[in-house]
Amino acid sequence: MKHNPRLVYDVPAITTFRELMDHARARYADQIAFLYRDGEEIREVTYERAYREMVAFATYLRSRVPAGSKVAVTGKNSYHWVLTYLAVICGVGIIVPIDKDLRADEIADLMADSEAVALVYSDEQSEKVADATGNYLALSMNDMERYLAEGQALLDGGDTSYATHHVDPHALGILLYTSGTTGVAKGVMLSQYNICFDITHILCRVHVGPEDRALSVAPLHHTYEMTAGCLCMLYSGASIAYNSSLRRLQAEMKLFRPTLMAVVPLILETFRNAVVKKYSQLKGGKTVLALQRAAADATSSRAARKKIFSVVNETFGGRMRLLVCGAALLPPEVFRDFERFGIQVMIGYGLTETAPVCLMHNDFYNAPDDIGYPMSGVQVRLDDINEEGVGELVVKGPNVMLGYYKNPEETARVMEDGWFHTGDLARMTPRGTYQIAGRAKSMIVTPGGKKVFPEELELHLGKSPYVKECMVYEGGKEGDRRITAAIFPDEETVSAKLAKEGCEPGSDAYRAAERALLEELVKGVNAKFPQYKRMRHTVVRHREFEKTTTRKIKRNAPDNLSEEE
């Protein structure tokens, strides 16, 4: 795809979420903003209704908590979750999104640390919230209709708290707790302007319009889904449908027929592997797939590719045109297959601390082996570049956080004259794009001083159909450290192969054959790398790795580092 660095879309600048919602209401009032399942019914919410309910809920909340208060929200993705987020940030104070998968004691800790005075939660969180002790107002989304009615009654009676509420675009507006794969939870302080800058600069290079529909899958408490999968949609007049569960994802893609999704790599890998598996189960299927891939590679027309893979496209609802992928590395072969299906893949890079996007592909450029160019207005440099051209990615721009909440020491550690040290290692390509090499914290330094990036080895291991999940790390004991590959095998694929050799699952012979198969795989990957990068030990796991809510493996979780099989 040809890169055109001069072409941008005309997107009006905004500095606050109130401006965003005023803009959306003025342009798209009668269009559908939200869709969701309610039992067997599909509910639709227009932009006008969403705006009015946002104002009503903000007015209700202001009758219960002081202006400028911190209000938390937790629960599964839903219209009411987004309604709470918008009501708080547009008409109350500071929103504190909380991971729905946290334990009751962890919720209580974050409520205390953030000093939030209220928590709005969805029904499935009721038991945990009841156990999350603390001095705060707990509001169930099950009672949202009552809150809206009371808020509207206050408005009808002359309450002007929403109309007169002042928003400082550069002050703390969103407090997000993030731990990622390696660290302890930190409160990231973002302003409304941080995120509004990100929204408008994404949309300058990626077209989204009222004809589009997003399917919301990734957790809304992450800035990635909230910015790319929600706020960009609302600013563009698109509609947002909510996936009720990952188990029903494919059925709901057919039901809602989305045109785009913000996803994590694991979802794309799962879909792509399911497609490949389906072909392999058909007589002559592998040959058919190879011919279709070749035909797709021979044309640059997305419409032609969609026609070649028409059956595959129907599984995505028939209208999917764009998949925005972030949060982890995407294997290049998965990228290429989706492009062959006629579905554009854009890879972006960012962190909660950068609101979140700072580099990404766009409508005029994408590639399977990089994360694109810095967004307009964002500066990027590499520090401490080694002999392989790899250095720490450091960014500066209006999207960079205000700092860590009540943690000036940690803020000073990562911030320097407005530059944010990401902790990610990257290299620049000859065309000026960037490639992520790995995390500085996960990097392995050999006794000879050589640096090994586990993510590079994991990408190669993950290409095998026998590998479901893997993690490379420095294992062993002090004095005998070694690069270790921990592999959670794809049981179905492995057992199908070993059955041909007469191995019964669960038997000693099966376990020995499974280990031999995976060790041979590691040996094959090792052959692609110099001696110092080679994996010297293989751990075969029979349980999934512990992961974050964006499905990234936690590199320092004790169970993930266990060498017990």
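**A walk through the predicted model**

Visitor: Where is T200 found?

Guide: T200 is found in helix 7, the helix that covers residues 192–203. Please keep in mind as we talk that this is a predicted model.

Visitor: And is T200 buried or exposed there?

Guide: T200 has a relative accessible area of 5%, and since buried means under 20%, T200 counts as buried.

Visitor: What does T200 touch, then?

Guide: If residues up to four places away in sequence are not counted, T200 touches V11, P12, A13 and I14, and it also touches Y235.

Visitor: Let's change topic to the core. Which residues have the most contacts inside the largest nonpolar core?

Guide: Those are F34, M54, L234, F338 and L393, in a core that has 128 residues. As general background, nonpolar side chains in soluble globular proteins tend to be buried together.

Visitor: What is F338 in contact with?

Guide: Leaving aside its neighbours within four places in sequence, F338 is in contact with L268, F271 and R272, as well as with F316, L323, I343 and V345. Apart from the largest core lies another one, of 20 residues, which has I98, A108, L110 and V129 among them.

Visitor: Now some helices. How do helix 10 and helix 11 cross?

Guide: Helix 10, residues 265–280, and helix 11, residues 285–297, have axes that come within 7 Å and cross at roughly 125 degrees. That angle makes helix 10 oblique to helix 11, because it falls outside the ranges that count as roughly parallel, roughly antiparallel or roughly perpendicular.

Visitor: Which residues make that contact?

Guide: From helix 10 come R272, V276, Y279 and S280, while helix 11 brings G285, K286, V288, L289, Q292 and R293. Sorted by class, the contact of helix 10 with helix 11 has 4 nonpolar, 3 polar and 3 charged residues.

Visitor: And how do helix 2 and helix 6 cross?

Guide: The axes of helix 2, residues 47–62, and helix 6, residues 144–156, also come within 7 Å, and they cross at roughly 85 degrees, which makes helix 2 roughly perpendicular to helix 6. Their contact involves residues of helix 2 including E53, F57 and Y60, and residues of helix 6 including M144, Y147 and L155. By class, this contact of helix 2 with helix 6 has 9 nonpolar, 3 polar and 3 charged residues.

Visitor: Switching to strands, how do strand 1 and strand 2 pair?

Guide: Strand 1, residues 32–38, pairs with strand 2, residues 41–46, in the antiparallel sense over 6 bridges, and L35 stands opposite E44 in strand 2. The two strands form a hairpin with 2 residues between them, and in the turn G39 has a positive phi of about 70 degrees.

Visitor: Which residue has a positive phi although it is not a glycine?

Guide: A355 is one of these, with a phi of about 70 degrees, and R257 is another, at about 50 degrees. In general, most residues other than glycine have a negative phi. R257 lies in the loop between helix 9 and strand 11, and it counts as partly exposed at 39% relative accessibility.

Visitor: What about A355, is it buried or exposed?

Guide: A355 counts as buried, with 0% relative accessibility, and its place is in the loop between strand 13 and strand 14. A cis peptide bond joins A355 and P356, with omega at about -10 degrees, and P356 likewise lies in the loop between strand 13 and strand 14.

Conventions
Residues are numbered from 1 along each chain as its sequence is written. This is a predicted model: local features need pLDDT of at least 70, side-chain atom pairs count only at pLDDT 80 or more; totals for chains, interfaces and linings use all residues. Side-chain values use heavy atoms; hydrogens and water are left out. Two strands pair if DSSP finds at least two bridges between them. Helices (H or I, at least four residues) and strands (E, at least two) are DSSP runs, numbered from the N terminus. Axes are lines fitted to C-alpha atoms, for helices over the stretch in contact, and angles run from 0 to 180 degrees between N-to-C directions. Angles under 35 degrees count as roughly parallel, over 145 as roughly antiparallel, 65 to 115 as roughly perpendicular and the rest as oblique. Contact means heavy atoms within 4.5 Å. Ala, Val, Leu, Ile, Met, Phe, Trp, Tyr, Cys and Pro count as nonpolar, Asp, Glu, Lys and Arg as charged, and the others, Gly among them, as polar. A nonpolar core is a set of buried Ala, Val, Leu, Ile, Met, Phe, Trp, Tyr and Cys residues joined through side-chain atoms within 4.5 Å. Buried means under 20% relative accessible area, exposed over 50%, partly exposed in between (1.4 Å probe, protein chains only).
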